[in-house]
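Trainee: Could you take me slowly through one part of this model, and explain the terms as you go?

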Amino acid sequence: MKADEWLARVLFITDMHSPYHDKRAINLMEKVALGIGVNKIICGGDAADFYSVSTHNKDPKRKDTFFDEVKVTNRLLRRIEGWFDIIPKVPTWLGSELEFLMGNHEFRLDRYIQERAPEMDGIVSADGLLGLSEHGWKVTQYKDHSTVGKLYVTHDIGKAGASAVKDAMNSYQDNVVINHLHRIIYLVEGNAKGTPHVAACFGWLGDVTKVDYMHRVKANRDWALGFGIGYLRSNGFVYLQPVPIVDYTAVVEGKLYTA
């Protein structure tokens, strides 16, 4: 790398599950984003939980309506957009500063409309309700991917569990970041020619105490709070760094951040 080459900082946000997000984890991520100066933000899906329109059994003690979920998630996304306020103009090769990949939870709304209100198809959408395109996000639909330099980014490839990152690498045969798993996994493997590729998942930002579809001990064991930082060169190389949140602290670029 040339001595004067600029590295763009990319923030990977995954699986917030608003309004059931972990507020302290979000506060910590915000401190990091503003502290290092992020130039691009990629929200990898499941920003909204959309619990109220899911096909799963509902806990009657939960008082959040669909309107509540949309309102809280909008507030959270507008807050994230504000993290660019102190960042200088970035070069055109970086692409869109804000990217949003629809996840399976945003897809809950699409499925609800398809099954129960088909007359609303094309009128109501997660993009519109969350103000994504309106506020400058480049939107990628569920079951598709985006690219950042020489890196693919997608929500999932239809699989869960610890092997899903390996499966994603095998599917893309290239560098890839996936979301959805709520795990922190970082894998580097070469091909037959010795060219290394990286596949990663950066955890989640939800509140584990609000999970009602899995035994708490399994969620505590398998899932990890975290996010990711990528350093993007003008040649398309992206150097990935998982950022685990440990006791609501994180270390990035040699500095300790505390929620």
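Mentor: Before we look at the part itself, we need one term: a residue is called buried when its relative accessible area is under 20%. The model is a predicted one, and the part I have chosen is helix α1, which covers residues 23-36. At 1.5 Å a residue, the 14 residues of α1 should span 20 Å, and because its end C-alpha atoms are 20 Å apart, the expected span and the model agree. At the N-terminal end of α1, Asp22 acts as a cap, with a side-chain oxygen lying 3.2 Å from the backbone nitrogen of Arg24. Just after the helix comes Gly37, which takes a positive phi of about 80°.

Now consider which residues of α1 are hidden: Ala25, Ile26, Leu28, Met29, Glu30, Val32, Ala33 and Ile36 are its buried residues. In reading that list, it helps to know that an α-helix has 3.6 residues a turn, so residues three or four places apart point the same way. As for what these buried residues meet, they pack against the helix α2 (66-81) and against the strands β1 (8-13), β10 (226-232), β12 (249-252) and β13 (255-258).

One of those partners, α2, also helps us to place another residue, since Ser54 sits in the loop between β2 (40-43) and α2. Ser54 is itself buried, because its relative accessible area is 4%, and a polar atom of the Ser54 side chain lies 3.4 Å from the backbone nitrogen of His56.

Technical notes. Residues numbered from 1 in each chain as written. Predicted model: local features only at pLDDT ≥ 70, side-chain atom pairs only at ≥ 80, totals over all residues. Heavy atoms only, no water. Helix = DSSP H or I, 4+ residues; strand = E, 2+ residues; numbered from the N terminus. Expected span 1.5 Å × (residues − 1). Buried < 20%, exposed > 50% of the residue type's maximum accessible area, 1.4 Å probe, protein only. Contact = heavy atoms within 4.5 Å. Polar contact = N/O pair within 3.5 Å; in protein donor to acceptor, adjacent residues only side chain to side chain.
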